Amino acid sequence: MGLESFLGDSIITTTIDEVVKWGRKNSLWPMPFGTACCAIEYMSTVSSVFDVSRFGAEVVRFSPRQSDLIIVAGTVSFKQAPILKTIYDQMPEPKWVISMGACASSGGFYDNYCTVQGIDEIIPVDVYIAGCPPRPEAVIDAIIKIQEAIEKQGSEIKEKKGPKMVIGNDEALKERAATK
Amino acid sequence: MNEENESITVNKLKNNFSELALSFEKKTDYDEVTVPGEHIFSILEFLKNEPDLAYNFLMDLGVVDYLKYPLKRPERFEVIYNLYSLDKKHRVIIKAPVNGKKSFIESVSSLWSSANWAEREAFDMYGITFKNHPNLRRILNHHEFVGHPLRKDYPIRKRQSLSANDSLMDEMELRLKEKGLK
């Protein structure tokens with residue numbers, strides 16, 4: 001037996017990597033960038049019915065400086081694009097991005113002069129969620145995917161960008177995630 | 001149309017602007033009047049200030065671009081004023097054809113405050129210039145935007161990125177001055 005047999009039950013030994021990862025994984029503080037109906041669905045995710053606090057991500061921060069996960073929920077116009085970029089830049093490392101719904105992921109049905117055709121043209125996205133709007137279960141699925149990604153990496157300040165993930169069976173979105 | 005069925009609005013306009021070429025069209029519960037664009041201010045001022053008409057509410061101000069319209073129109077644009085009288089409970093639609101090349105018309109923001117933003121939107125989306133407008137600049141599109149997206153010759157998928165945030169300071173200063181706070 002190791003050191004624990006001398007120290008008793010009240011002390012466990014581990015590595016700093018494991019502790020940091022465990023802490024990050026279970027206390028993702030989301031910053032909602034809600035611009036459309038997806039934000040309503042995100043509110044529902046936080047509510048007691050779906051209860052995202054079961055995964056430690058219920059402390060919604062409306063300041064990017066206090067958050068490490070930005071959930072872009074809604075349509076982003078070109079007029080808003082610099083705002084989104086500023087907010088993303090203000091978040092401390094390590095940080096993760098969820099692109100929630102069709103509009104944030106690809107512009108959705110707003111194929112026109114004023115809408116950004118997917119936020120990955122401005123900021124790097126970790127998880128895309130398909131749907132218009134996606135179900136709260138899909139948002140929770142995305143948060144779990146990010147937790148798994150945190151699990152795989154070390155305690156570095158800057159997170160390693162893994163392969164982009166897609167929630168939902170959307171071929172076009174999968175292709176986009178593979179190429180962007 | 002015989003005289004008895006004529007609404008008071010049509011009657012008054014015919015009497016007071018007999019020298020202008022106005023055309024009238026009767027709809028179910030309102031009238032549509034097409035007026036020459038250069039006389040828009042005096043006509044709307046009359047509609048607002050005449051006690052029997054008292055059009056005190058500019059409900060909407062819109063523009064139509066007839067560039068690709070199948071029927072021939074006198075001018076490319078038409079500015080449409082949707083007026084309602086809260087006291088007399090009647091409404092009228094005023095249409096003013098606007099030349100596509102010069103495309104300017106007099107502002108009515110001194111008559112109805114709601115015209116201020118409505119005219120800015122019409123300027124932003126269609127490029128109609130409103131003379132004597134207090135702050136005629138873009139309201140929906142960003143300041144680096146080139147062109148007018150609701151014109152029929154603007155390519156719908158032509159996207160333009162914004163490199164720096166829009167400043168709202170000049171607008172705020174104007175509001176402060178309007179309210180006498182600065």
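How many bridges join E3(B) to strand E4 of chain B, and in which sense do the two strands run? In this predicted model, eight bridges connect E3(B) with E4(B), which spans residues 77-84, and the two run antiparallel. Within this pairing, Leu61(B) has Tyr81(B) of E4(B) as its bridge partner, and Leu58(B) stands opposite Leu83(B). Helix H3 of chain B, residues 115-126, packs on the sheet and touches both E3 and E4 of chain B. The direction of this helix makes about 10° with that of E3(B).

E4(B) is also paired with strand E5 of chain B, residues 91-98, in the antiparallel sense and over eight bridges. In this second pairing Phe77(B) has Val98(B) as its bridge partner in E5(B). Six residues lie between the strands in the hairpin of E4(B) and E5(B), where Lys89(B) takes a positive phi near 55°. The side chains along E4(B) alternate between two faces. Phe77(B), Val79(B), Tyr81(B) and Leu83(B) point to one face and are buried, whereas Glu78(B), Ile80(B), Asn82(B) and Tyr84(B) point to the other and are not.

These strands belong to an open sheet of five strands in chain B, with the order E1-E2-E5-E4-E3 and mixed pairing. The edges are formed by strand E1 (23-26) and strand E3 (57-65) of chain B; each has a single partner strand, so one side of each is left without a neighbour in the sheet. On average, neighbouring strands of this sheet are turned by 20° against each other, direction ignored.

Chain A also contains an open sheet of five strands, here in the order E1-E2-E3-E4-E5 and with parallel pairing. Strand E1 (30-34) and strand E5 (165-167) of chain A occupy the edges with a single partner strand each, so one side of each has no neighbour in the sheet. The average turn between neighbouring strands of the chain A sheet is 20°, direction ignored. Strand E3 (residues 96-100) and strand E4 (residues 127-129) of chain A pair in the parallel sense over three bridges, and Met100(A) stands opposite Ile129(A) in E4(A).

Helices pack on the chain A sheet. Helix H6 of chain A, residues 136-152, touches E2, E3, E4 and E5 of chain A, and its direction makes about 170° with that of E4(A). Helix H3 of chain A, residues 37-46, lies across E1, strand E2 (69-73) and E3 of chain A and runs at about 145° to E1(A).

The axes of H3(A) and H6(A) come within 9 Å and cross at roughly 75°; the two helices are therefore roughly perpendicular to each other. In their contact, Glu41(A), Tyr42(A), Ser44(A) and Thr45(A) of H3(A) meet Pro136(A), Val139(A) and Ile140(A) of H6(A). By class, the residues of this contact divide into four nonpolar, two polar and one charged.

H6(A) also packs with helix H2 of chain A, residues 16-26; the axes of H2(A) and H6(A) come within 9 Å and cross at roughly 170°. This crossing makes H2(A) roughly antiparallel to H6(A). Lys21(A), Arg24(A) and Lys25(A) in H2(A) meet Gln147(A), Ile150(A) and Glu151(A) in H6(A). The contact of H2(A) with H6(A) has one nonpolar, one polar and four charged residues.

The largest nonpolar core has 41 residues. The members that touch the most other members are Leu69(A), Ile71(A), Val72(A), Ile98(A), Met100(A), Ile129(A) and Ala142(A). H6(A) supplies the largest share of this core, six residues. With neighbours within four places in sequence left aside, the contacts of Leu69(A) include Leu28(A), Trp29(A), Pro30(A), Met31(A), Ala57(A), Trp96(A), Ile98(A) and Ile146(A). Lys95(A) is also in contact with Leu69(A). Another core, of 30 residues, lies apart from the largest one; among its residues are Leu44(B), Leu58(B), Leu61(B) and Val63(B).

Between the chains, 12 residues of chain B are in contact with eight residues of chain A. On the side of chain B that touches chain A, the residues divide into four nonpolar, four polar and four charged.

Technical notes. Residues numbered from 1 in each chain as written. Chains lettered and ligands numbered in written order. Predicted model: local features only at pLDDT ≥ 70, side-chain atom pairs only at ≥ 80, totals over all residues. Pairing = 2+ DSSP bridges. Helix = DSSP H or I, 4+ residues; strand = E, 2+ residues; numbered from the N terminus. Axes fitted to C-alpha atoms, helices over the stretch in contact; angles between N-to-C directions. Contact = placed C-beta atoms within 7 Å. Nonpolar A, V, L, I, M, F, W, Y, C, P; charged D, E, K, R; others polar. Parallel < 35°, antiparallel > 145°, perpendicular 65-115°, else oblique. Buried ≥ 20, exposed ≤ 12 C-beta atoms within 10 Å, placed from the backbone. Core = buried A, V, L, I, M, F, W, Y, C linked by C-beta atoms within 7 Å.
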